[in-house]
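Hi,

I am passing on the structure we talked about, and my notes follow right below it. Please have a look at it alongside the text.

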Number of protein chains: 4
Amino acid sequence: MTLAAVLIAPNVPIQLQQLPAPVVERGSITIRTLYSEVCGTDVHLLRGKLAGVPYPIIPGHFSVGEVVEVGGAVKDIDGQRIQIGSIVTFLDVHETCNSCWYCLVAKTSTRCPERKVYGVTYSAEEGLLGGWSELIYLKPGVKVLTLPQEVSPERFIAGGCALPTALHAIDRAQIQIGDSVVVQGCGPVGLSAAILALMAGAGRVMIIDKFEARLAVARSFGIDDAITISNELPQHHIERVLDLTQGRGADVTIEATGVPIAVKQGIAMTRDGGRYVIVGHYTNTGEVLLNPHLEINRKHIEIRGTWGIDFSHFYRMLQLLKRDRSRQYDIPWENMISRFYRLDEINQALADVEQGVVLKAAIQPNPQ
Amino acid sequence: MTLAAVLIAPNVPIQLQQLPAPVVERGSITIRTLYSEVCGTDVHLLRGKLAGVPYPIIPGHFSVGEVVEVGGAVKDIDGQRIQIGSIVTFLDVHETCNSCWYCLVAKTSTRCPERKVYGVTYSAEEGLLGGWSELIYLKPGVKVLTLPQEVSPERFIAGGCALPTALHAIDRAQIQIGDSVVVQGCGPVGLSAAILALMAGAGRVMIIDKFEARLAVARSFGIDDAITISNELPQHHIERVLDLTQGRGADVTIEATGVPIAVKQGIAMTRDGGRYVIVGHYTNTGEVLLNPHLEINRKHIEIRGTWGIDFSHFYRMLQLLKRDRSRQYDIPWENMISRFYRLDEINQALADVEQGVVLKAAIQPNPQ
Amino acid sequence: MTLAAVLIAPNVPIQLQQLPAPVVERGSITIRTLYSEVCGTDVHLLRGKLAGVPYPIIPGHFSVGEVVEVGGAVKDIDGQRIQIGSIVTFLDVHETCNSCWYCLVAKTSTRCPERKVYGVTYSAEEGLLGGWSELIYLKPGVKVLTLPQEVSPERFIAGGCALPTALHAIDRAQIQIGDSVVVQGCGPVGLSAAILALMAGAGRVMIIDKFEARLAVARSFGIDDAITISNELPQHHIERVLDLTQGRGADVTIEATGVPIAVKQGIAMTRDGGRYVIVGHYTNTGEVLLNPHLEINRKHIEIRGTWGIDFSHFYRMLQLLKRDRSRQYDIPWENMISRFYRLDEINQALADVEQGVVLKAAIQPNPQ
Amino acid sequence: MTLAAVLIAPNVPIQLQQLPAPVVERGSITIRTLYSEVCGTDVHLLRGKLAGVPYPIIPGHFSVGEVVEVGGAVKDIDGQRIQIGSIVTFLDVHETCNSCWYCLVAKTSTRCPERKVYGVTYSAEEGLLGGWSELIYLKPGVKVLTLPQEVSPERFIAGGCALPTALHAIDRAQIQIGDSVVVQGCGPVGLSAAILALMAGAGRVMIIDKFEARLAVARSFGIDDAITISNELPQHHIERVLDLTQGRGADVTIEATGVPIAVKQGIAMTRDGGRYVIVGHYTNTGEVLLNPHLEINRKHIEIRGTWGIDFSHFYRMLQLLKRDRSRQYDIPWENMISRFYRLDEINQALADVEQGVVLKAAIQPNPQ
């Protein structure tokens with residue numbers, strides 16, 4: 001039997017259950033979970049904010065583990081054969097069909113109607129298909145990557161699902177060397193995006209949040225300006241950005257808050273002809289009033305939504321993490337993790353993420 | 001003396017005045033106006049909706065005329081020497097400095113703080129610097145183009161300022177061969193954009209308006225689907241577009257209405273991963289409620305504002321108009337003009353445009 | 001038994017053989033071939049110019065047929081269930097893995113090492129996996145499309161594999177409305193590209209070939225200028241293009257000849273800052289001398305190779321062909337076909353294509 | 001009188017001449033030269049390799065100086081008034097007309113027929129219009145920038161004209177975070193491009209040269225791999241790049257050698273579907289044999305020439321140089337300068353650059 005954390009229904013505390021260990025079929029893999037992640041999506045799952053979730057589920061969509069069983073000769077995407085003892089990760093999205101209009105014509109596999117997501121859209125009754133479990137069962141065809149030697153499991157989980165999401169947003173942002181960039185929100189996605197903006201050659205990167213503790217982490221990563229939202233002066237952070245950009249606004253602004261009013265403020269911080277990338281609105285938190293003349297047409301701006309990731313972002317994330325640890329370019333991604341939690345601390349981990357007490361919470365299902 | 005139509009102040013009927021004929025200096029040109037245009041911007045000028053207008057002004061920013069005097073050897077942008085009797089037009093925007101950050105670094109000359117616009121930001125006291133006049137004075141350095149033989153003055157004024165504006169919007173729309181395209185609004189800009197979408201290879205072009213008369217003109221231009229907005233069924237036109245696009249929405253939607261709610265509706269008509277181009281919001285008509293999650297991020301769409309035109313759009317407009325008149329590709333742009341007006345009918349022309357009685361009104365300041 | 005044309009080995013005339021009819025397995029389909037195509041690649045197969053071909057093969061990679069047997073509930077890419085009697089076509093490329101670096105990270109499925117091609121890389125011993133046969137066996141997972149009612153099988157085969165190839169080249173060419181475009185070579189790919197350039201809004205489309213008969217067909221499709229290569233004046237066609245483009249060269253040039261020296265000439269016909277798209281070099285025909293300073297760097301041009309097609313081009317081809325047959329936009333694709341051949345005339349068809357006697361040869365394996 | 005270095009004619013040693021000091025007219029500026037640069041173009045001027053040069057000339061197209069006289073109220077491009085004592089630089093390109101097809105329609109001001117270049121296309125008889133002189137005369141309308149406090153004149157001249165040229169090449173290269181990048185040639189442009197590639201987020205940057213001394217400088221700037229061209233094993237550097245890129249070749253390759261055969265080698269080092277940017281071919285050094293099938297079409301690559309710079313690259317260069325000198329992102333551009341030369345050492349400086357003895361030579365016309 002395998003111990004797993006099960007979310008029975010929305011707003012019910014997570015329960016630990018003993019579930020049957022997986023039976024490996026041809027092409028599949030069982031891994032012993034080293035780390036899994038608690039992200040904002042897990043809070044939404046707890047609160048019942050996502051549609052189409054087949055409760056009960058085992059949450060945890062971003063994980064890394066050690067291979068304990070393989071069903072025959074299975075290769076990872078780099079063509080390496082998976083071995084017992086290999087440290088691997090996998091893309092949570094599975095079963096995109098590669099034979100529908102979304103996959104083949106629009107080339108937006110994130111909109112494929114067949115796609116399933118580990119830790120989100122598989123029921124606990126279908127197997128160990130989420131990361132908050134001692135073991136995870138990787139079905140045949142799940143896209144697996146072996147961690148490079150340079151990337152420890154801790155470093156990987158510190159990047160977490162925020163890193164490929166931020167990478168996708170940065171691709172959409174098309175930063176040119178020297179551009180000024182504002183990131184709204186200093187959670188894992190926002191901070192990752194700010195770091196990536198620096199890596200992409202931005203001339204000045206500003207990040208905005210209401211929590212001082214988060215901004216302190218941003219400063220430790222070398223972000224140029226960490227700006228606090230003031231309750232007393234609600235326009236202060238906008239004015240600060242304008243001051244830092246010759247009054248014009250940033251070339252590129254990236255939204256990573258999930259707060260509707262941030263969109264209006266973010267456009268105000270963006271220069272005429274600039275780009276505004278929205279990546280923080282993964283759930284419905286309401287509407288915002290926008291003026292199409294003043295805020296879009298006359299500004300000649302571009303607003304780009306960023307939905308999900310595909311395998312390329314996941315793959316490139318690993319390349320990023322393994323970059324040489326030279327003085328000049330190493331990023332201490334590990335510092336993103338605020339705390340590690342055991343399986344039996346899972347409700348605490350969720351509460352900490354929900355209340356913003358931690359920047360990133362990592363689950364360690366097996367004692368070490 | 002020269003007869004000109006002068007707008008003394010907002011909401012005051014236009015008056016005809018005898019003003020001094022221009023004195024040509026070196027590098028300048030005087031033209032006898034053949035046609036000038038009445039566009040929506042002129043209604044805004046009448047109603048005092050634009051900031052920074054130095055009333056009294058001579059309106060008319062898009063005009064064509066015959067050269068009656070030249071100050072020495074002056075060339076058009078193609079390098080041809082301007083001759084007495086040449087039929088020429090000119091870009092209304094003048095005095096962009098080509099030496100500021102907007103002109104040189106951002107390369108958005110439409111945001112240059114030095115720019116002036118014939119018929120809009122020159123006072124009548126500065127000279128005959130608007131098109132609703134028997135003569136127009138082209139200052140040294142105004143960007144002049146000689147009409148090609150294939151393009152009659154009527155054809156040119158029928159394209160009017162809507163055509164380069166629509167061309168700019170189509171560039172922003174990046175239509176691929178076979179794309180489905182919706183245009184919201186069947187005024188001159190919307191209809192021009194719909195025609196250009198067909199020319200750009202769109203697989204299906206839909207246009208939406210509330211006036212049946214305008215849609216009838218669209219049908220005469222070969223637009224695939226002309227869809228009426230129904231007062232009784234306010235969602236009907238959205239549903240119609242979804243029906244025509246396998247339920248997904250159009251690949252590209254172009255807004256040419258100036259109505260805030262159209263933005264919300266237009267996004268609803270656009271497919272996931274599609275593009276939404278806003279070109280109709282040239283003045284402030286208020287705000288619209290948008291949901292950043294449902295309408296931008298999850299849809300993974302791009303929203304692009306389109307502000308003004310630069311010389312390249314104006315130049316390419318003439319190339320478009322002179323295309324061979326072969327069976328297959330000729331567009332009867334002339335049919336855009338609903339009526340020609342004399343200078344002394346100018347208040348009627350403005351009223352007709354304001355009330356939507358005409359698709360396009362052309363002014364003919366000199367009797368023929 | 002089924003009659004099929006088999007290419008035993010390079011340079012051996014095609015033989016007709018009676019082969020076992022397919023046994024339909026779950027998910028597969030058997031079609032009775034209506035038409036298949038003879039294209040330049042088939043001549044290369046005959047001459048042994050392609051590497052890795054598992055002779056004997058049944059050639060024919062672009063075909064259309066009537067469904068005679070289906071292995072259970074099989075859907076086409078639009079989600080329609082395949083019925084006995086349906087008229088369908090399919091993408092020749094099969095078995096791209098969707099789980100390698102090329103498929104998932106570079107997103108260039110045309111470079112996937114697992115891909116197989118009907119009519120090219122399947123042996124005749126593996127089954128009826130080529131179009132020059134009374135029946136074709138569509139393996140499970142082959143990407144099938146049902147022909148829309150508006151598209152007759154003759155219209156489809158007239159587009160042939162040249163049309164999606166040209167569509168891919170046009171996507172790479174990024175034509176803006178009004179651009180001048182030169183196409184080098186008036187074979188099926190070149191002529192299709194020229195027609196698509198017109199559809200994409202090009203201001204002037206020029207096509208160049210040495211065969212007058214091909215250029216006559218181009219003229220019948222409304223191409224603006226059909227220019228003959230002169231043996232006596234080898235620079236004449238280059239000068240002609242420069243004359244037609246104010247001495248600057250075309251905005252975009254598309255190579256569809258497969259002749260190395262055409263690349264040098266094509267660059268000479270392209271304006272500074274223009275684009276040069278190479279789509280005609282599907283086999284190795286040698287080298288050309290280029291001057292990196294004069295022909296690439298100082299010209300500030302972009303040269304883009306175009307390899308193969310993916311499913312999206314194939315899908316969009318069908319959308320193109322079904323466009324409304326209105327006066328203004330209908331393209332008589334059917335006129336591309338020079339002659340239909342029976343299976344027992346296959347060697348004649350190949351000879352005619354090899355000698356350039358026909359523009360396009362279509363095979364009709366079943367008597368009608 | 002002012003001491004200036006004059007190049008009388010090709011292949012004649014530079015002479016020092018006393019020339020009349022400038023008479024400042026309205027809108028113009030005189031600066032006392034702090035530094036000017038010797039670049040490869042100056043060697044080409046000495047050797048008579050450029051067409052249309054009006055010898056005698058004062059070379060030196062990239063310079064920085066202190067303002068000694070101003071003709072009235074003159075502003076720099078940021079809108080700051082120029083003061084006596086200000087440290088300024090200027091774009092060497094002047095007189096682009098902003099009223100021709102190249103400037104306005106193609107938006108490639110580098111091809112404007114009216115453009116003139118300080119130090120290259122102005123005769124010494126027209127005034128002190130080159131940098132190898134105690135004073136430089138900035139005509140009215142020359143585009144001037146004030147050096148930010150953070151950027152010393154030495155740092156600026158160390159960047160030199162290579163830096164904006166490399167910046168333009170990097171823009172054309174469109175590097176995505178994590179891309180592998182090869183730069184061919186470790187002169188000032190190549191090394192600058194390699195450093196910018198790192199700044200733009202490349203995952204691995206490789207640089208290739210035949211001189212060990214240059215590669216040592218590259219290593220000191222943190223370039224990942226500095227690869228020597230071997231005379232004995234002429235394919236060695238190509239194989240080395242393939243080894244470092246999983247056998248596929250780099251995502252992006254940048255040519256900065258000016259050697260034709262490097263183009264063939266560079267394409268061989270680039271992956272299928274990759275980009276190849278040519279920036280090193282500023283003069284004609286002959287042709288190279290390319291195979292359009294193997295090296296362009298089947299590889300599905302893009303080749304992009306990069307001609308000249310415009311003001312935006314020059315402006316952004318200054319932004320780059322002033323970036324915060326924090327631990328993580330500071331680039332020691334100053335280390336690019338191998339040696340400073342006095343005016344009377346100018347022939348030595350040219351010889352050193354021609355022979356590749358120095359990476360970058362800076363001229364200091366006024367004793368300090």
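B:Gln184 has B:Ile208 of β11(B) standing opposite. The two strands concerned are β10 (residues 180–184) and β11 (residues 204–209) of chain B, which pair in the parallel sense over five bridges. Please keep in mind as you read on that this is a predicted model.

Both strands belong to something wider. They are part of an open sheet of twelve strands with mixed pairing, in the order β12(A)-β11(A)-β10(A)-β13(A)-β14(A)-β16(A)-β16(B)-β14(B)-β13(B)-β10(B)-β11(B)-β12(B). At its edges are β12 (225–228) of chain A and β12 (225–228) of chain B, each pairing on one side only. On average, and ignoring direction, neighbouring strands of this sheet are turned by 15 degrees against each other.

Where do the two chains meet within the sheet? β16(A) and β16(B) are neighbours in the strand order. Strand β16 (residues 302–305) of chain A is joined to β16(B) by three bridges, and the two run antiparallel. Here A:Arg304 stands opposite B:Glu302.

The contact between the chains takes in further elements too. In total, 34 residues of chain B are in contact with 35 residues of chain A. On the chain B side, α8 (260–268), β14 (270–278), β15 (288–290), α9 (292–297) and β16 (302–305) each supply at least two residues. The largest share comes from α9(B), with five residues. Sorted by class, this side of chain B has 14 nonpolar, 13 polar and seven charged residues.

Next, the helices that go with the sheet strands. In chain B, helix α6 (residues 212–220) lies across β11 and β12, and it runs at about 175 degrees to β12(B).

Finally, a pair of helices in chain A. Helix α4 (residues 162–173) packs with helix α10 (residues 311–321) at an angle of about 110 degrees, and their axes are 9 Å apart. Angles of 65 to 115 degrees count as roughly perpendicular, so α4(A) and α10(A) are roughly perpendicular to each other. On the α4(A) side, the contact is made by A:Leu163, A:Pro164, A:Leu167 and A:His168, and α10(A) brings A:His313, A:Phe314, A:Arg316 and A:Met317. By class, that contact has five nonpolar, two polar and one charged residues.

I hope this helps you find your way around.

Best wishes

Definitions and conventions
Residues are numbered from 1 along each chain as its sequence is written. Chains are lettered from A and ligands numbered from 1 in the order in which they are written. This is a predicted model: local features need pLDDT of at least 70, side-chain atom pairs count only at pLDDT 80 or more; totals for chains, interfaces and linings use all residues. Two strands pair if DSSP finds at least two bridges between them. Helices (H or I, at least four residues) and strands (E, at least two) are DSSP runs, numbered from the N terminus. Axes are lines fitted to C-alpha atoms, for helices over the stretch in contact, and angles run from 0 to 180 degrees between N-to-C directions. Two residues are in contact if their C-beta atoms, placed from the backbone, lie within 7 Å. Angles under 35 degrees count as roughly parallel, over 145 as roughly antiparallel, 65 to 115 as roughly perpendicular and the rest as oblique. Ala, Val, Leu, Ile, Met, Phe, Trp, Tyr, Cys and Pro count as nonpolar, Asp, Glu, Lys and Arg as charged, and the others, Gly among them, as polar.
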